[in-house]
Amino acid sequence: MKSIEFELNDHFCDFVEDWNYKIYLLVGGYGSSKSFHVAVKLIQKLLKEKRKALVVREVFDTIRDSCYDLLEEVANAMGVDEYLTFTTSPMQVRFKNGSKIIFKGMDKPAKLKSMNGVSIVWIEECSEVKYAGFKEI
């Protein structure tokens, strides 16, 4: 695979490359590029290592217009879209190396208990997520 050259917001450069912590909490206002940099971090990691990632929001119906579309946009901007396949039914991103991103809503958190092999979780708009759902992940 080719080397990825990509411009990042200086504020998030360290975050994108850092995998030393179990939980990262990104704080910032609307338009601060938090989600954009999470998408970059996630794509880079899943290109390098075979992993399964889970992307959740409180309401599943909002994922398509936010996280899913953003991941597609970032993959195109990074020039790595040829290594990924985006499907809408089921909504997933599959990588040529076997990595996968799946999308779920927290509106039925009990269904998240039986998820197998997930090693990375991205909770988008975590301020909307109820604590009962967060405990299930």
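1. Burial of α2. In this predicted model, 12 of the 15 residues of helix α2 are buried, so the helix is largely enclosed by the rest of the structure. The buried set is S35, H37, V38, A39, V40, K41, L42, I43, Q44, K45, L46 and L47. Note that K41, Q44 and K45 are on that list.

2. Length of α2. The helix covers residues 34-48. At 1.5 Å a residue, its 15 residues should span 21 Å. The end C-alpha atoms are 22 Å apart, which agrees.

3. Q44. This residue lies in α2. Its relative accessible area is 13%; the cut-off for buried is under 20%, so Q44 counts as buried. What does Q44 touch, leaving aside neighbours within four places in sequence? The contacts are V16, E17 and M78. M78 is itself one of the buried residues of α3.

4. The sheet. Five strands form an open sheet. Their order is β2-β3-β4-β1-β5, and the pairing is mixed. Strands β2 and β5 (120-123) stand at the edges with a single partner strand each, so one side of each has no neighbour in the sheet. From one strand to the next, the twist averages 20 degrees.

5. The β2-β3 pair. Strands of a sheet pair through backbone hydrogen bonds, either parallel or antiparallel. Here β2 and β3 pair in the antiparallel sense, over 5 bridges. L84 stands opposite F95 in β3. The loop between β2 (84-88) and β3 (91-95) holds P90. Is the S89-P90 peptide bond cis or trans? The bond is cis, with omega about 0 degrees. Most peptide bonds are trans.

6. Helices across the sheet. Helix α2 lies across β1 (52-57), β2, β3, β4 (100-105) and β5. Its direction is at about 165 degrees to β5. Helix α3, residues 64-78, also lies across β1, β2, β3, β4 and β5. α3 runs at about 155 degrees to β2.

7. α3 in detail. This helix has 15 residues and reaches 20 Å from its first C-alpha to its last. That is close to the 21 Å expected at 1.5 Å a residue. Buried in α3 are S66, C67, Y68, L70, L71, V74, A75 and M78. An α-helix has 3.6 residues a turn, so residues three or four places apart point the same way. The buried residues of α3 pack against α2, β1, β2, β3, β4 and β5. Just after the helix, G79 takes a positive phi of about 75 degrees.

8. The largest nonpolar core. In soluble globular proteins, nonpolar side chains tend to be buried together. The largest nonpolar core here has 31 residues. Which of them touch the most other members? They are L42, I43, L71, L84, I101, F103 and W122. At least two residues of this core come from each of α1 (13-17), α2, β1, α3, β2, β3, β4 and β5. A second, separate core has 6 residues, including V56, M106, L112 and V129.

9. F103. Residues up to four places away in sequence are not counted here. F103 touches V55, F60, I63, C67, Y68, L71, M91, Q92 and V93. Among them, C67, Y68 and L71 are buried residues of α3.

10. Salt bridges. How many salt bridges does the structure hold? There are 3. K45, E49 and R51 are linked in a network of salt bridges. In the K45-E49 bridge, the closest N and O atoms are 3.0 Å apart. For the E49 and R51 side chains the N to O figure is 2.9 Å. R64 forms a salt bridge with D69, with the closest N and O atoms 4.0 Å apart. The cut-off is within 4 Å, so treat that contact with its stated distance in view.

11. Accessibility of the charged residues. K45 is buried, with a relative accessible area of 11%. Its partner E49 is partly exposed at 30%. R51 counts as partly exposed at 25% relative accessibility. In the R64-D69 bridge, R64 is partly exposed, with a relative accessible area of 34%. D69, at 29%, also counts as partly exposed.

Notes: Residues are numbered from 1 along each chain as its sequence is written. This is a predicted model: local features need pLDDT of at least 70, side-chain atom pairs count only at pLDDT 80 or more; totals for chains, interfaces and linings use all residues. Side-chain values use heavy atoms; hydrogens and water are left out. Helices (H or I, at least four residues) and strands (E, at least two) are DSSP runs, numbered from the N terminus. Two strands pair if DSSP finds at least two bridges between them. Axes are lines fitted to C-alpha atoms, for helices over the stretch in contact, and angles run from 0 to 180 degrees between N-to-C directions. Contact means heavy atoms within 4.5 Å. The expected span of a helix is 1.5 Å times one less than its number of residues. Buried means under 20% relative accessible area, exposed over 50%, partly exposed in between (1.4 Å probe, protein chains only). A nonpolar core is a set of buried Ala, Val, Leu, Ile, Met, Phe, Trp, Tyr and Cys residues joined through side-chain atoms within 4.5 Å.
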